[in-house]
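Reader: Hey, got a minute to walk through this one with me? I'd like to go residue by residue where we can, then get to the ligand.

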Amino acid sequence: MRKVRVLIIGSGPSGLTAALYSARAQLSTVVITGMQFGGQIATTHDVDNFPGFPDGVQGPDLTDKMRLQAERFGAEMVYDIVTEIDFAGGSPFRVKTQNEEFLADSVIVTIGASPRRLNVPGENEFIGRGVSWCATCDGFFFRGKDILVVGGGDSALQEAIFLTKFASTVTIVHRRDELRASVALQSRALNHEKIRFIYDTVIDEIKGENGLVKGAVLRNLKTGAVEEKPTDGVFIFIGYTPNSAVFNGQLKTDPAGYVIVDNRMATNIDGVFAGGEIHDDVFRQAITASGQGAAAALMAVNWIGEREGLGLLQPIEEPATVPAGS
Ligand code: NAP
């Protein structure tokens, strides 16, 4: 069992920023990265709206820079997933991963959210064989192909625009006749020569041949008309579900599963803080997640300081040095 002052669950912008603040406050800090290091932003190609990068930055580059900055102050990345958490006994909190067990004075939860599924026949069967939730990862395999993108929000339109780099045509299938995406993205997508729209329509089934997607059954919600549309790929961008299941009811959530925090990023458990998309279903930007991670870490640092003042902390080895020029 390893003792740490601050354990951060999740390695997206929120977790990596929390790690920077916590480590720079000279507290031993471990980040449990989860399966997808960097979180959702690491699967995003061009990030144009993170300040400090006038020419934009690639998602994986951004998270790598954040990691390096946090590591410079002594934060440790543990490439593992959390399997069990015990918050009931209070601080120090027990957190088990697949390979280790931690005892942490404070925990910062930045475990984010996962892309939603359509839950239609064929979706699971053709994962990695034409069905995808990541244009950055899979777009390259669709050079010269015709693909469908599902959704009408910012993600669907942004990723559809990106996919035009590879595909011959990108057809956006949206369940309403009005898009949710920002006006700027709408105007880029609506004016793009490779992008088409099918409105008021859902996908009922994804079909394939020889293990690869070859078509999708579309149903018009207004007319009831059903057609089978040939396609080589289906990219799904229909929103996200918070990854709160691992907390097994120990953290208070809203009905949708988002962890509830107060205006100091504190959860219902004293010493457990949260930031990023695990609690924020409104802003959902890399920069807001980073800000919330910084705020959560500042509160964790204060909280630990108060407990230290009360003589409630067990001694552990803290990071020895802070680099020069910091
Ligand atoms: P979103 O805004 O929740 O949009 C989800 C889209 O999927 C909506 O159009 C929704 O339809 C549709 N949808 C939901 N469930 C569906 C289902 N079962 N079947 C078919 N369609 C379904 O999600 P998002 O686009 O991923 O964006 C999430 C957040 O990140 C937003 O706040 C967004 O602004 C932000 N974001 C920003 C940027 C950027 O700034 N460049 C880029 C990406 C995301 P309805 O419209 O009918 O509800």
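**Buried side chains, ligand, sheet and disulfide**

Author: Sure. Let's start with S28, which sits in the loop between α1 (13-24) and β2 (29-32). Keep in mind that this is a predicted model.

Reader: Is S28 buried or exposed?

Author: Buried, because its relative accessible area is 11%, and the cut-off for buried is under 20%.

Reader: What does the side chain of S28 have within reach of a polar atom?

Author: The backbone nitrogen of R5 is there, 2.9 Å from a polar atom of the S28 side chain.

Reader: OK, on to T17. Where is that one?

Author: T17 belongs to helix α1. With a relative accessibility of 11%, T17 counts as buried too.

Reader: And which side chain does T17 make a polar contact with?

Author: That's S290: the two side chains are joined by a polar contact of 2.9 Å.

Reader: What about T33? Where does it sit?

Author: T33 is in the loop between β2 and β3 (46-47). Its relative accessibility is 4%, so T33 is classed as buried. Its C-alpha atom is 8.2 Å from that of G12, and the two residues are 21 apart along the chain.

Reader: Cool. Switching to the ligand: which residues come nearest?

Author: There are 18 residues around the ligand, and the nearest are D154, S155, R175, R176 and R180.

Reader: Which helix gives the most to that shell?

Author: Helix α4 (residues 154-163), with three residues.

Reader: I'd want distances for a docking check. How far is the R176 side chain from a ligand oxygen?

Author: A polar side-chain atom of R176 is 2.7 Å from an oxygen atom of the ligand. For G152, the polar atom is in the backbone, and a ligand oxygen lies 3.0 Å from it. Then there's Q285, where an N or O atom of the side chain is 3.4 Å from an oxygen atom of the ligand.

Reader: How much of the ligand's accessible area does the protein cover?

Author: The protein covers 78% of the 910 Å² of accessible area that the ligand has on its own.

Reader: Nice, that's handy. Now the sheet with β14 in it: what's the strand order?

Author: The order is β14-β15-β16, in an open sheet of three strands with antiparallel pairing.

Reader: Why do β14 and β16 each have one side without a neighbour in the sheet?

Author: β14 (201-209) and β16 (226-230) are at the edges and have a single partner strand each, so one side of each is left without a neighbour in the sheet. On average, neighbouring strands of this sheet are turned by 25° against each other, ignoring direction.

Reader: How many bridges join β15 to β16?

Author: Five, with β15 covering residues 212-220 and the two strands running antiparallel. As one example, G215 has P230 in β16 as its bridge partner.

Reader: Last topic, disulfides. How many, and which cysteines?

Author: The count is one disulfide. C134 is joined to C137, with 2.0 Å from S to S.

Reader: What's the handedness of the link between C134 and C137?

Author: Right-handed, with 75° about the S-S bond.

Reader: And how accessible are C134 and C137?

Author: C134 is buried, at a relative accessible area of 10%. C137 is partly exposed, at 43%.

Reader: Great, that's what I needed. Thanks!

Technical notes
Residues are numbered from 1 along each chain as its sequence is written. This is a predicted model: local features need pLDDT of at least 70, side-chain atom pairs count only at pLDDT 80 or more; totals for chains, interfaces and linings use all residues. Side-chain values use heavy atoms; hydrogens and water are left out. Two strands pair if DSSP finds at least two bridges between them. Helices (H or I, at least four residues) and strands (E, at least two) are DSSP runs, numbered from the N terminus. Axes are lines fitted to C-alpha atoms, for helices over the stretch in contact, and angles run from 0 to 180 degrees between N-to-C directions. A disulfide is a pair of cysteine sulfur atoms within 2.5 Å. Buried means under 20% relative accessible area, exposed over 50%, partly exposed in between (1.4 Å probe, protein chains only). A residue is near a molecule or strand if one of its heavy atoms lies within 4 Å of it. A polar contact is a pair of N or O atoms within 3.5 Å; within protein, one must be able to donate a hydrogen and the other to accept it, and residues adjacent in sequence count only if both atoms are side-chain atoms. Accessible areas come from the Shrake-Rupley method with a 1.4 Å probe; for residues, only the protein chains shown count as cover.
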